[in-house]
Amino acid sequence: MLGDSKELERMAADGLIETRVVQQERRPNKRLHTITPAGRAALHEFIASAAKPTAIRDEMMVKVQGMDVEDTAAARAAVAERMECARAKSARYERLRNRLLDGRSEQAYLAEAERIGPYLTLLRGISFEQENIRWAEFALAAIDRRVTSNI
């Protein structure tokens with residue numbers, strides 16, 4: 001959420017965050033955002049409210065659903081591409097996890113870290129990408145078995 005500049009501008013206009021520019025010599029200036037008391041209240045209200053159920057809207061699943069009628073090869077390519085993207089993301093997340101842990105065990109990190117929310121979110125991302133990889137490997141094997149048995 002905080003990476004989107006329009007969203008940040010809206011949050012600043014609503015008084016939820018304050019933004020200041022930090023001058024840097026060898027790098028572009030960076031903007032630091034600080035949550036305001038109103039922002040903390042809005043965040044508390046958001047966290048305390050019931051979360052909406054997850055809905056999967058995945059265009060690739062439509063392709064997989066229809067592949068038996070039309071183009072199995074194209075659907076297979078989409079699954080393989082998704083798997084490679086998931087592998088790349090998983091590797092990136094694991095590097096971030098190792099940086100966060102910084103040689104500590106997970107238990108030590110969770111006991112000592114000032115904030116654990118980002119770490120727990122990262123673990124969810126790792127789990128999500130690992131499941132994408134597992135599903136894609138299974139789907140590719142099933143497609144390949146079916147294609148070779150129909151030859």
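Helices and strands here are DSSP runs, helices of at least four residues and strands of at least two, numbered from the N terminus. With that settled, I note that I am working on a predicted model.

**Entry 1, overall layout.** I read off the order of elements from the N terminus on, and for the protein chain this gave α-β-β-α-α-α-α-α. I then looked up the totals, which are 6 helices and 2 strands. The radius of gyration of the protein chain is 22 Å, well over the 15 Å that the globule rule gives for 151 residues, so I record the chain as more spread out than a compact globule. Taken along the principal axes, the box filled by the C-alpha atoms is roughly 65 × 40 × 40 Å.

**Entry 2, burial and contacts.** I looked up how much of the protein chain is buried, and found 20% of the 151 residues in that class. The accessible surface comes to about 12000 Å², and carbon and sulfur atoms hold 54% of this surface. Among contacts with a separation of 6 or more, I noted that 42% join residues 24 or more positions apart.

**Entry 3, the core.** Which residues make up the largest nonpolar core? I listed 8 of them, namely Met60, Val64, Ala78, Val79, Met83, Ala136, Ala139 and Leu140. At least two residues of this core come from each of helix H3 (59-66), helix H4 (72-101) and helix H6 (117-149). I followed Val64 further and, leaving aside its neighbours within four places in sequence, found Val64 in contact with Ala75, Val79 and Trp135. As background, I keep in mind that nonpolar side chains in soluble globular proteins tend to be buried together.

**Entry 4, a nonpolar patch outside.** On the surface I found a nonpolar patch formed by Ile35, Leu43, Phe46 and Ile47, whose accessible area together is about 410 Å². Helix H2 (residues 37-48) gives the largest share of the patch, with 3 residues. I checked Phe46, which lies in helix H2, and asked whether Phe46 is buried or exposed. Its relative accessible area is 63%, and because the cut-off for exposed is over 50%, I entered Phe46 as exposed.

**Entry 5, Ser90.** I turned to helix H4, where Ser90 has its place. Ser90 has a relative accessible area of 9%, and since buried means under 20%, Ser90 goes down as buried. With neighbours within four places in sequence left aside, the contacts of Ser90 are Glu129, Gln130 and Ile133.

**Entry 6, salt bridges.** How many salt bridges does the structure hold? The count is 12, and I looked into several of them.

In helix H4, Arg97 and Glu94 lie 3 residues apart, about one turn of the helix, and their side chains meet in a salt bridge at 3.9 Å, N to O. Glu94 is partly exposed, with a relative accessible area of 26%.

The side chains of Glu131 and Arg134 also meet in a salt bridge, at 3.2 Å, N to O. These two residues are 3 residues apart in helix H6, which means that about one helical turn separates Glu131 and Arg134. I recorded both as partly exposed, Glu131 at 40% relative accessibility and Arg134 with a relative accessible area of 47%.

I also noted a network in which salt bridges with shared partners join Glu7, Arg10 and Asp14. Within this network, the closest N and O atoms of Arg10 and Asp14 are 2.6 Å apart. Arg10 counts as partly exposed at 38% relative accessibility, and Asp14 is partly exposed with a relative accessible area of 46%.

Technical notes
Residues are numbered from 1 along each chain as its sequence is written. This is a predicted model: local features need pLDDT of at least 70, side-chain atom pairs count only at pLDDT 80 or more; totals for chains, interfaces and linings use all residues. Side-chain values use heavy atoms; hydrogens and water are left out. A nonpolar core is a set of buried Ala, Val, Leu, Ile, Met, Phe, Trp, Tyr and Cys residues joined through side-chain atoms within 4.5 Å. Buried means under 20% relative accessible area, exposed over 50%, partly exposed in between (1.4 Å probe, protein chains only). Contact means heavy atoms within 4.5 Å. Patches are made of residues with over 30% relative accessible area and no salt bridge: like charges are joined within 9 Å, nonpolar side chains (Val, Leu, Ile, Met, Phe, Trp, Tyr) within 5 Å. Accessible areas come from the Shrake-Rupley method with a 1.4 Å probe; for residues, only the protein chains shown count as cover. The radius of gyration is taken over C-alpha atoms; the globule rule is 2.2 Å times the number of residues to the power 0.38.
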